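Thanks for sharing this one with me. Here are my notes, point by point, to read alongside the structure.

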Amino acid sequence: MLLLPILALISFTANLTWAEIWRITTHPVALSAYRVTFFTAIYASSINGIAGVAVAWVLVRYRFPGKEIIDGAIDLPFALPTAVAGLTLATVYAENGWIGSLLAPLGIKIAFTRLGVGLAMVFISLPFVVRTVQPVLQELEPELEEVAWCMGASRWQTFRRVILPPLIPAILTGVALGFSRAVGEYGSIVIIAGNIPFQDLIAPVLIFQRLEQFDYAGAAVIGTVMLLVSLASLLIINCLQSWGNRINQRP
């Protein structure tokens with residue numbers, strides 16, 4: 001199920017000459033789409049790496065009214081159709097929307113800009129970090145923190161030396177999953193973004209535009225580039241996960 005589509009994509013690209021592949025890959029519009037896609041996905045994943053840990057921490061360590069509702073709402077991006085998510089974000093963050101109207105007087109425009117692309121990526125990838133970190137937090141024994149406090153450690157030292165090390169592999173896993181999800185997102189971003197080259201056009205939308213123009217070769221080449229970059233990024237993150245596991249296993 002995974003290998004056959006990948007091989008079909010690569011074989012379609014292999015039918016082109018190296019000159020054609022290079023011309024399509026290095027086209028200014030394509031290069032701009034790569035930058036917008038991957039750098040925005042990195043920013044969104046970094047934000048979720050911090051926000052996801054904070055949300056998971058609150059859900060595990062605190063009790064408050066409506067906790068079950070918020071816990072269930074975390075999975076909303078999983079169940080919500082991406083087009084509906086994009087329409088909702090565009091409505092809320094448009095200049096006449098609930099939040100957009102408050103930001104407009106400050107000169108901040110989110111909908112139909114690159115900032116909206118990042119917002120959509122954060123929205124659809126946040127649950128990956130929360131759901132990977134939450135079980136690890138639940139398994140941590142509170143006695144370890146109490147021992148650290150009794151030995152004179154501050155709350156920050158306890159978090160950095162006792163709590164954070166076991167969380168690092170889970171955080172990296174969630175960030176990797178969120179990054180992959182953000183890179184491949186199409187439905188929500190195509191609605192909230194302006195899809196303007198050199199501004200907020202992402203690679204998945206560019207692929208769809210090439211397909212609409214019956215430029216199947218161009219779409220295949222851009223898709224192959226995204227595939228290779230995504231695989232390289234995931235390989236780097238997996239190496240970081242292995243490094244984190246080795247650090248945690250040291251006596």
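1. Let me start with Asp215 and Arg210, whose side chains meet in a salt bridge, with 3.5 Å from N to O. Please keep in mind throughout that this is a predicted model. The two partners fall into separate accessibility classes: Asp215 has a relative accessible area of 27% and is partly exposed, whereas Arg210, at 12%, is buried. The cut-off that matters here is 20%, because buried means a relative accessible area under that value.

2. Beyond that pair, you will find a network: Asp71, Asp75 and Arg131 are joined into one by salt bridges that share partners. In total, the structure holds four salt bridges.

3. One link of the network deserves a look of its own. Asp75 forms a salt bridge with Arg131, and their closest N and O atoms lie 2.8 Å apart. This pair links distant parts of the chain, 56 residues apart: Asp75 sits in the loop between helix H4 (67-73) and helix H5 (76-79), while Arg131 belongs to helix H8 (residues 114-139). Asp75 has 29% relative accessibility and so counts as partly exposed. Arg131 also counts as partly exposed, at 24%.

4. Next, have a look at Arg181 and Glu185. Their side chains meet in a salt bridge at 2.3 Å, N to O. Is Glu185 buried or exposed? Glu185 is buried, with a relative accessible area of just 2%. Its partner Arg181 counts as partly exposed, at 24% relative accessibility.

5. Now to helix packing. Helix H9 (residues 142-150) and helix H10 (residues 155-183) have axes that come within 10 Å and cross at roughly 130 degrees. H9 and H10 are therefore oblique to each other; an angle would have to be over 145 degrees to count as roughly antiparallel. The crossing of H9 past H10 is right-handed.

6. Which residues make the contact between these two helices? From H9 come Leu144, Glu145, Ala148 and Trp149, and from H10 come Arg155, Thr158, Val162 and Ile163. Sorted by character, the residues of this contact of H9 with H10 comprise five nonpolar, one polar and two charged.

7. If you have time for a second pass, I would go back to two places. One is the salt bridge between Asp75 and Arg131, which links distant parts of the chain. The other is the Arg181 and Glu185 pair, where Glu185 is buried and Arg181 is partly exposed.

Notes:
Residues are numbered from 1 along each chain as its sequence is written. This is a predicted model: local features need pLDDT of at least 70, side-chain atom pairs count only at pLDDT 80 or more; totals for chains, interfaces and linings use all residues. Side-chain values use heavy atoms; hydrogens and water are left out. Helices (H or I, at least four residues) and strands (E, at least two) are DSSP runs, numbered from the N terminus. Buried means under 20% relative accessible area, exposed over 50%, partly exposed in between (1.4 Å probe, protein chains only). Axes are lines fitted to C-alpha atoms, for helices over the stretch in contact, and angles run from 0 to 180 degrees between N-to-C directions. Angles under 35 degrees count as roughly parallel, over 145 as roughly antiparallel, 65 to 115 as roughly perpendicular and the rest as oblique. A crossing is left-handed if the near helix is turned anticlockwise from the far one by less than a right angle, and right-handed if clockwise. Contact means heavy atoms within 4.5 Å. Ala, Val, Leu, Ile, Met, Phe, Trp, Tyr, Cys and Pro count as nonpolar, Asp, Glu, Lys and Arg as charged, and the others, Gly among them, as polar.
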